[in-house]
Amino acid sequence: MAPTNHNLLVCTDVVDDKSVRILSKYSKVYKLADLEEERLDELLPSIDSVLVFSWPHQLTSDRLQRMTNLRFIQSILAGVNHIPFPSLNSNVIVSSNAGAYSEEVAEYAWALLLSAAKRVVELHVSLREQKWTLKRTLDEGSEITILRERILGILGFGGIGSMVGRIARGFGMQVYAYSRKKSTAKGVEFFAGASGLTELLKKSDAVVLALPLTSQTARIMNAERLSVMKKDAILVNVARGELVDEKAMYDHLVANPNFRYATDVWWYRESRESLKTDYPFLSLPNFIGTPHVSGPSGLATGRPVQLAVENTIRFLRGLKPRNIVNPEDYKTSYPY
């Protein structure tokens, strides 16, 4: 098939050469890393589609305004809050990569949940620091949370959330789910609206955050909502750090030493996720943090790039892309 009159800008090196060759059957492909600044400026008005991982610093707001032919942006990340929606024309379609990381991130969510429930990190550190001796008493056993027959709440029941719920059934847990869209799943009780969210948080022994970051979900876990959770509950975040209010989370952990927060995602600094925090979370025994490796573990399978490329080809062929997002959900979301 001969290339059409499409011009695609690939903005990340996670797209391999084989994928570039496949895309080249449907479009003229330019790799951002290969372009000098002057050449990039020359090409901008002709680019009609963009394939991105994190948003490239070269595509500033001024340059986006010169991309008058831009019609489609495909994210290789599952979320799209990194895309500068306020700078885009209204006719630009943006597709997320929803579902591309579901199994891998769900597995990681369970790794964090089990680590928190069984206090794996805390106990390992105590051994390393020689602060523990072998004991088989009731007091020591009561520090471990048994998950069987407990309630797992899941905020966001898309690909990741639903997979987390499937795994929960193997642990004999009841599954409660909070979803923006009407959903049905065997053995899952669904909640909606503000009152439904409060009820789920009150009843759950553990909660997993799997929501996208939008203007509606930013800091959804604030001081008020944390306060309704059980004092010994576990909160796991594998979505976006900004779903949780940073100060409220730190204050809650200090005030409730039996509450545990385990996260693989972090708050934004200067419009990008950063491991820097305003509060000393890593000094707390009831906090577990890892450096956002759940997504990259999925990236290593090659599936996210494959799905993003396939959806880009749908656009290039004149078909309706999958996973189109509503820009209004993101125009006021953090960090923009």
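The paragraphs below go through the two sheets of this predicted model, the helices against them, one buried arginine and the aromatic pairs.

Begin with the sheet of 5 strands, which is open, has parallel pairing and runs in the order β2-β1-β3-β4-β5. At its edges stand β2 (28-31) and β5 (93-95); each has a single partner strand, so one side of each is left without a neighbour in the sheet. Neighbouring strands here are turned by 15 degrees against each other on average, direction ignored.

The pairings can be followed strand by strand. β1 and β2 are joined in the parallel sense over 4 bridges, and Val10 has Lys31 as its bridge partner in β2. Strand β1 (residues 7-10) also pairs with β3, again in the parallel sense, over 3 bridges; here Leu8 has Ser49 of β3 as its bridge partner. Between β3 and strand β4 (residues 72-75) there are 4 bridges, in the parallel sense, and the partner of Val50 in β4 is Ile73.

Strand β3 (residues 49-52) shows how this sheet is covered. In a regular strand the side chains alternate between the two faces of the sheet. In β3, Ser49 and Leu51 lie on one side and Val50 and Val52 on the other, and all are buried, so both faces of the strand are covered. Helix α12 (residues 303-316) packs on this sheet and touches β1, β3, β4 and β5. The direction of α12 makes about 170 degrees with that of β4.

Next, take a residue in helix α3 (residues 61-66), namely Arg63. With a relative accessible area of 10%, Arg63 is buried. What does the side chain of Arg63 meet in polar contacts? One polar contact, of 2.5 Å, joins it to the side chain of Glu37, and another, of 2.9 Å, to the side chain of Asp41. Leaving aside residues up to four places away in sequence, Arg63 touches Glu37, Leu40, Asp41, Leu44 and Gln58.

The other sheet to look at has 7 strands. It is open, its pairing is parallel, and its order is β8-β7-β6-β9-β10-β11-β14. β8 and β14 are the edge strands, each pairing on one side only. From one strand to the next the twist averages 15 degrees. At the β14 edge, strand β11 (residues 260-263) pairs with β14 in the parallel sense over 3 bridges, and Ala262 has Ile288 as its bridge partner in β14.

Two helices can be placed against this sheet. α7 packs on it, touching β6, β7 (174-178), β8 and β9 (206-209), and the direction of α7 makes about 170 degrees with that of β6. Helix α8 (residues 193-203) lies across β6, β7, β8 and β9, and runs at about 150 degrees to β7.

α7 can be checked for its span. At 1.5 Å a residue its 12 residues should span 16 Å, and the end C-alpha atoms are 18 Å apart, which agrees. The buried residues of α7 include Ile160, Met163, Val164 and Ala168. An α-helix has 3.6 residues a turn, so residues three or four places apart point the same way. The cover over the buried residues of α7 includes α4 (102-117), β6, β7 and β9. After α7 comes Gly172, with a positive phi near 70 degrees.

Finally, the aromatic residues: a search of the whole structure finds 11 aromatic pairs. In one of them, Phe157 and Phe190 have ring centres 5.2 Å apart and planes at 90 degrees, so the pair is edge-to-face. Phe157 lies in the loop between β6 (151-155) and α7 (159-170), and Phe190 in strand β8 (residues 188-191), so the pair ties together parts that are 33 residues apart in sequence. Phe157 counts as buried at 13% relative accessibility, whereas Phe190, at 25%, is partly exposed.

Tyr250 and Phe281 form another edge-to-face pair, with 5.5 Å from centre to centre and 80 degrees between the planes. Tyr250 is in helix α10 (residues 246-255) and Phe281 in the loop between β13 (272-273) and β14 (287-289), so this pair ties together parts that are 31 residues apart in sequence. Both Tyr250 and Phe281 are buried. They belong to one aromatic cluster, together with Tyr261, Trp266, Trp267, Tyr279 and Phe287.

Methods. Residues are numbered from 1 along each chain as its sequence is written. Side-chain values use heavy atoms; hydrogens and water are left out. Rings of Phe, Tyr and Trp (its six-membered ring) pair if their centres lie within 6.5 Å; planes under 30 degrees apart count as stacked, over 60 as edge-to-face and the rest as tilted. Buried means under 20% relative accessible area, exposed over 50%, partly exposed in between (1.4 Å probe, protein chains only). Two strands pair if DSSP finds at least two bridges between them. Axes are lines fitted to C-alpha atoms, for helices over the stretch in contact, and angles run from 0 to 180 degrees between N-to-C directions. Contact means heavy atoms within 4.5 Å. A polar contact is a pair of N or O atoms within 3.5 Å; within protein, one must be able to donate a hydrogen and the other to accept it, and residues adjacent in sequence count only if both atoms are side-chain atoms. The expected span of a helix is 1.5 Å times one less than its number of residues.
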